[in-house]
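Colleague: I am new to this structure and would like to learn how to read it. Could we go through it one feature at a time?

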Amino acid sequence: MALQRLSGWGRTAWTVADLVHTNDVSEMKQVINQSGARGVIARGLGRSYGAASQNAGGSVLEITAEGDPHGIDALLDSTTGVLDVASSVSLDSILRMSVPRGWFVPVTPGTRFVTVGGAIASDVHGKNHHFDGSFGQHVSSITLLLASGEVVELTPRLNPEWFWATVGGMGLTGIILRARVSMLPIESSRVRVETERLTNFDAVCEAMSSDGADNDYRYSVCWIDLLATGPSMGRGVLTRGEHASAADVKDDDVLAYDPRLKVPAPSWVPNGLLNKWSIKAFNEVWYRKAPGSRHVSIESIPQFFHPLDGVHQWNRLYGNQGFIQYQFIVPLDRIDVLRAVIETFSSAGVASFLAVLKRMGPQNLSPMSFPTEGWTLTLDIAAGIKGLPELLSRVDNMVLDAGGRHYLAKDSHVSPTAVRRGYPRLDEWMHTRDAMDPNGLWRSDLARRLGLVSAQHTRGNE
Amino acid sequence: MKNGVGVAQNIVLFGGTSDIGQAILRRIIKPGVARVALVSRNLEAAASFASELEEAFPDVEIHHVRYDAADASSMAHVVTEIVSEIGDIDVAVVAQGVLNEGMDYYSDPTGLITLCDVNFTSTMVLLYALSQQMKQQGYGKTVLLSSVAGERVRKGNPAYGATKAGIDGFALALDHELVGTGASILVVRPGFVTTKMTTGMKKAPFSTDAESVAKITEAGIASGKKVVWAPGLLRWMFLILKNVPLPVWRKLPL
């Protein structure tokens with residue numbers, strides 16, 4: 001045990017907790033037994049942007065298997081494609097093992113450096129949400145360590161309530177130990193990508209709507225230039241893809257997979273490196289670089305799915321103030337709100353290095369899962385910008401008034417009321433959570449800020 | 001819990017009637033703040049500030065806690081009471097203090113006892129109690145209103161200056177002890193501030209107002225500094241003033 005300062009990927013709101021790295025259940029139980037009033041939370045690779053995997057003054061169990069000399073604890077059934085995997089294993093490790101054997105993860109977020117445990121707890125989504133749904137929909141069983149010390153196996157058929165409370169449950173129902181995940185068969189390790197430049201926001205929404213052929217592609221996402229104004233406001237570069245067939249690939253080894261890290265981010269970065277002017281210049285280049293008309297290319301998995309993973313610790317590019325990632329969703333018919341949000345940010349001079357728009361498919365059975373049918377916009381913003389709390393609170397209300405919500409794995413600032421409004425099944429989930437953890441053992445800084453672990457279950461004198 | 005854009009959910013002001021304390025709160029209460037506790041001896045005197053806050057920030061719960069800033073032995077209890085009312089303390093602004101200038105301490109030293117109790121003894125006990133709570137929380141920021149008067153104690157207000165010198169030095173050392181716990185202390189050193197505390201006094205050079213002190217304090221909290229001066233120029237002034245030889249110091253018109 002050691003006191004350790006922790007933050008999420010955004011490097012804001014640091015707090016100190018007792019950090020224990022372990023993959024061993026008996027050690028986890030020991031930490032649980034010795035934990036004080038401020039409880040315990042599991043942490044994987046710390047890729048959630050806000051405070052979901054930190055626990056101020058309490059215990060944090062870091063459950064990762066990076067660099068495990070015994071290889072990864074994952075068994076892939078080559079006939080069914082079912083992967084039986086420890087929660088500590090990252091999607092990166094899985095892909096290194098599975099791609100050469102012809103299997104891909106069913107869902108990957110923008111980084112492959114997330115653990116299976118984190119992917120389930122955040123119910124992560126990827127560029128294929130409109131096609132395949134989110135990660136939890138491909139999980140057929142979860143082995144969970146409860147607060148009582150009991151280990152249970154949850155499946156969507158046998159105990160749907162507990163299973164779906166754990167999917168998207170932000171680690172507040174127990175510690176995910178193992179899972180069975182259905183993998184996707186692939187013929188090659190390449191992606192056939194269609195890239196298209198779209199001159200304004202109307203063109204973007206048109207191309208991505210369901211009758212705009214978006215449903216014909218498994219993967220679809222659009223990068224948006226938030227700083228473009230006037231007639232080119234909301235212009236973007238749309239990329240859509242499919243796993244390439246063996247015939248598409250010229251290479252001899254069609255399943256070759258080599259995700260080597262390319263450049264490290266410098267260890268020290270001047271604050272304000274990413275500012276309105278540098279981002280504007282980047283956006284112009286990025287937009288112009290994309291072909292004017294539809295263009296087909298064959299890309300590798302890291303190129304297409306995980307471009308930012310190419311820069312090690314890219315989160316440091318924001319300097320020591322850190323950054324937040326703002327991701328929300330609004331119903332399909334509320335493009336007006338997307339536009340209003342983009343205008344609000346752009347007129348406040350808030351630049352975003354990465355702004356990404358995606359059309360999401362229907363919601364799954366989890367009460368706390370983020371995706372619902374609608375548009376999700378994601379942007380990252382330097383945390384130290386003057387007036388940001390006021391601006392975000394205004395935008396939060398625009399989103400909530402439109403029937404939208406915020407993604408908890410990204411969240412760093414929303415209010416308890418905002419979660420209540422955005423997640424109408426919050427009480428139902430809290431009720432299930434309380435049944436699974438009657439004494440309120442599991443708690444995180446996110447849970448504390450948002451009141452996700454109800455007050456009557458507060459332990460001791462916290 | 002503090003959030004990712006630097007907003008504290010729960011804020012406590014010790015010395016609920018302090019002009020500087022109130023000015024700091026006006027600046028740091030933003031969307032995201034849920035609860036504010038005003039701790040003061042005279043709840044009626046703090047009531048007008050409370051209603052001002054209620055009007056300006058309808059989403060924020062305002063709590064009142066009564067205490068006697070001179071009663072050092074009650075400080076730990078006061079902190080416990082606040083925590084039971086609002087939960088974790090994200091930011092505590094310690095603005096309790098008395099000036100008691102112009103009193104004839106030669107013939108009646110009782111005022112000195114109050115002065116030391118409020119400015120020094122109680123504040124020291126309070127900083128320990130807050131730090132203990134924040135260590136358990138794994139985070140938390142205490143803002144101590146010190147004064148340049150403590151930088152080099154001068155004739156005119158030797159007693160006040162000595163209490164500030166003492167508490168300032170103590171707070172910096174305590175902050176050093178807290179490294180690695182998540183709890184930390186920001187020492188704010190204002191110069192002459194035109195407030196009700198200094199009403200009727202002759203303005204000193206580089207005087208400032210509560211609003212400017214608050215602005216500098218807010219920036220100090222955000223950047224994680226250990227000490228801020230208000231105005232900032234005083235830092236360089238005192239670098240010189242602290243080091244001028246005593247005979248020269250005594251001739252200065254301060």
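**Reading a strand, a helix and a core**

Modeller: Let us begin with one strand of this predicted model. F323(A), Q325(A), Q327(A) and I329(A) point to one side of β18(A), while I324(A), Y326(A), F328(A) and V330(A) point to the other, and all of them are buried.

Colleague: How should I read that pattern of sides?

Modeller: In a regular strand, side chains alternate between the two faces of the sheet. As for cover, β18 of chain A runs over residues 323–330, and 8 of its 8 residues are buried.

Colleague: Which strands of chain A are joined to β18(A), and in which direction do they run?

Modeller: The general idea is that strands of a sheet pair through backbone hydrogen bonds, either parallel or antiparallel. Here β18(A) and β20 (residues 374–382) of chain A run antiparallel and are joined by 8 bridges. Two positions can be looked up: F323(A) has A382(A) as its bridge partner in β20(A), and I329(A) has T376(A). β18(A) also runs antiparallel to β21 (residues 405–406) of chain A, with 2 bridges between them. There, H406(A) in β21(A) stands opposite F328(A).

Colleague: In what order do the strands of this open sheet come, and which strands are at its edges?

Modeller: The sheet has 8 strands, in the order β16-β12-β14-β13-β19-β20-β18-β21 of chain A, and the pairing is antiparallel. β16 (295–300) and β21 of chain A are the edge strands, each pairing on one side only.

Colleague: Where can I see a parallel case?

Modeller: In chain B, 5 bridges join β1(B) to β2 (residues 35–40), and these two strands run parallel. V12(B) of β1(B) stands opposite A37(B) in β2(B). Strand β1 of chain B covers residues 10–14, and 5 of its 5 residues are buried, so the rest of the structure largely encloses it. N10(B), V12(B) and F14(B) point one way from β1(B), and I11(B) and L13(B) point the other way.

Colleague: Now a helix. Which residues of α12 in chain A are buried, and which are exposed?

Modeller: An α-helix has 3.6 residues a turn, so residues three or four places apart point the same way. In α12 (residues 426–436) of chain A, the buried residues are W429(A), T432(A), R433(A) and M436(A). They are on the same side of α12(A) because they cover an arc of only 100° around the axis. D427(A) and A435(A), on the other side of α12(A), are exposed. The cover over the buried residues of α12(A) includes α5 (160–166) of chain A.

Colleague: How many residues are in the largest nonpolar core, and which have the most contacts inside it?

Modeller: That core has 190 residues, and those with the most contacts inside it are I120(A), V39(B), V93(B), V94(B), V143(B) and L144(B). Helix α4 (residues 110–137) of chain B gives the largest share, 7 residues. Take V39(B): leaving out residues up to four places away in sequence, V39(B) touches, among others, V12(B), L13(B), F14(B), V65(B) and I82(B).

Colleague: How many residues of each chain are in contact with the other chain?

Modeller: In general, the size of an interface is often given as the accessible area lost when the parts come together. Here we have residue counts: 18 residues of chain B are in contact with 25 residues of chain A. On the chain B side, 6 are nonpolar, 10 polar and 2 charged.

Colleague: What is the radius of gyration of chain A, and what would a compact globule have?

Modeller: Chain A has 21 Å, which agrees with the value near 23 Å for a compact globule of 462 residues. Its C-alpha trace spans about 60 × 55 × 45 Å along the principal axes. Buried residues make up 50% of chain A.

Colleague: Which backbone angles should I look at?

Modeller: Most residues other than glycine have a negative phi, and most peptide bonds are trans. A13(A), not a glycine, has a positive phi of about 45°, and lies in the loop between β1 (2–6) and β2 (15–21) of chain A. D123(A) has a positive phi near 40°, in the loop between α3 (116–121) and α4 (129–132) of chain A. In chain B, a cis peptide bond joins A230(B) and P231(B), with omega about -5°. P231(B) is in the loop between β9 (227–230) and α7 (234–241) of chain B.

How values were computed
Residues are numbered from 1 along each chain as its sequence is written. Chains are lettered from A and ligands numbered from 1 in the order in which they are written. This is a predicted model: local features need pLDDT of at least 70, side-chain atom pairs count only at pLDDT 80 or more; totals for chains, interfaces and linings use all residues. A nonpolar core is a set of buried Ala, Val, Leu, Ile, Met, Phe, Trp, Tyr and Cys residues joined through C-beta atoms within 7 Å. A residue is buried if 20 or more other C-beta atoms lie within 10 Å of its own, exposed if 12 or fewer, and partly exposed in between; C-beta atoms are placed from the backbone. Helices (H or I, at least four residues) and strands (E, at least two) are DSSP runs, numbered from the N terminus. Two residues are in contact if their C-beta atoms, placed from the backbone, lie within 7 Å. The radius of gyration is taken over C-alpha atoms; the globule rule is 2.2 Å times the number of residues to the power 0.38. Ala, Val, Leu, Ile, Met, Phe, Trp, Tyr, Cys and Pro count as nonpolar, Asp, Glu, Lys and Arg as charged, and the others, Gly among them, as polar. Two strands pair if DSSP finds at least two bridges between them. The arc is that of the directions from the helix axis to the C-beta atoms.
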